[in-house]
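Biologist: Got a minute to go through this one with me? I'd like to start with a helix contact.

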Amino acid sequence: ASTDRPLLGIGVGSPGVVDLAGTVLSAPNLAWHDLPLQRDLEARFGVPVVVANDANAAALAEHSFGGGSGDMMLIAIGHGVGGGLVLGGRSLFGSRFAAGEIGHVTVGTDGGPTCACGKQGCLEAWLSAPRLEEALSLAEDDEARTAVLVAAGTRLGIALAPVVGALDLSEVVLTGPRHLIDGDLAEAALRTLRLRTLPQFHDHVEVRQSSLGADIVLRGAAAGVVSARLGVS
């Protein structure tokens, strides 16, 4: 009612695993399970709605507006750790709509911090923003703070190497708090990734931060509506 332009629809980027019908299959941090969010919002507002996983929406935004390549992975670092994949210029969802969900993949065989899911050494336990902020607050000096970021970046590189190798990605894009991601963490991730993949094929792979800022999920949700309604990507 407040817009003076035709409304194509509403786009939503939701945490958790979201199927193609816009049902949130699982979002533990919100205590959502099998929630038909897209259907409920369409009934409430009377317009078409597109609900997608937030990291998938961010990956779509990066590909559409941020100069992202057609073969890329986006890692979203926030309260948790999510991932979105674009292959051949198209979003990849997977057989159970969980492609890119690497936050609870165990990184390495040497244990590690206990994750909220109960396992030890999950990527999220190393890399989530609250975990990093807590570890940095306990660090005694700059050297110790650098070590925290390098350790997190190294674990990210370990997790990324088989994905990059299997899918032949050209870049990995990071989103999240710039003061955590930029610098030591991203450099350690790239260094580890290159050590664990074939130089002949993967030395060109870039690990970089998105330039789209905090609105990246909103942009991706909007791009999802345009794609669904107009067939434009």
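Modeller: Sure. Keep in mind that this is a predicted model. In α4, L132, A135 and L136 make contact with R145, V148, L149 and A152 of α5.

Biologist: How do the residues of that α4 and α5 contact divide into nonpolar, polar and charged?

Modeller: The split is 6 nonpolar, no polar and 1 charged.

Biologist: And at what angle do the axes of α4 and α5 cross?

Modeller: Roughly 155°. The axes come within 8 Å. Here α4 covers residues 129-138 and α5 covers residues 142-167. Angles over 145 degrees count as roughly antiparallel, so α4 is roughly antiparallel to α5.

Biologist: Is the crossing of α4 past α5 right-handed or left-handed?

Modeller: Right-handed.

Biologist: Switching topic. How many disulfides does a search of the whole structure find?

Modeller: The search finds 0. C115 is in no disulfide. Its nearest cysteine sulfur belongs to C117, 3.8 Å away.

Biologist: What about C117, where is its closest cysteine sulfur?

Modeller: In C122, at 3.7 Å. A disulfide needs the sulfur atoms within 2.5 Å, so that distance is too far for a bond.

Biologist: Are C115 and C117 buried or exposed?

Modeller: C115 is buried, because its relative accessibility is 6%. C117 has a relative accessible area of 43%, so C117 is partly exposed.

Biologist: Now G220. Which helix is G220 in?

Modeller: Helix α9, residues 216-230. G220 has a relative accessible area of 2%, so G220 is buried.

Biologist: What does G220 touch, leaving out residues up to four places away in sequence?

Modeller: A57, L60 and A61. There is also a long-range pairing to look at. V12 is 208 residues from G220 in sequence, yet their C-alpha atoms are 8.8 Å apart.

Biologist: How do α2 and α9 pack, in angle and axis distance?

Modeller: The angle is about 80° and the axes are 7 Å apart. Helix α2 spans residues 54-65. Angles from 65 to 115 degrees count as roughly perpendicular, so that is how α2 and α9 lie to each other.

Biologist: Which residues meet in the contact of α2 with α9?

Modeller: From α2: D54, A57, A58, L60, A61, E62, S64 and F65. From α9: I216, V217, R219, G220, A221, A223 and G224. By class, that contact has 9 nonpolar, 3 polar and 3 charged residues.

Note on methods
Residues numbered from 1 in each chain as written. Predicted model: local features only at pLDDT ≥ 70, side-chain atom pairs only at ≥ 80, totals over all residues. Heavy atoms only, no water. Axes fitted to C-alpha atoms, helices over the stretch in contact; angles between N-to-C directions. Helix = DSSP H or I, 4+ residues; strand = E, 2+ residues; numbered from the N terminus. Parallel < 35°, antiparallel > 145°, perpendicular 65-115°, else oblique. Left-handed = near helix turned anticlockwise from the far one by under 90°. Contact = heavy atoms within 4.5 Å. Nonpolar A, V, L, I, M, F, W, Y, C, P; charged D, E, K, R; others polar. Buried < 20%, exposed > 50% of the residue type's maximum accessible area, 1.4 Å probe, protein only.
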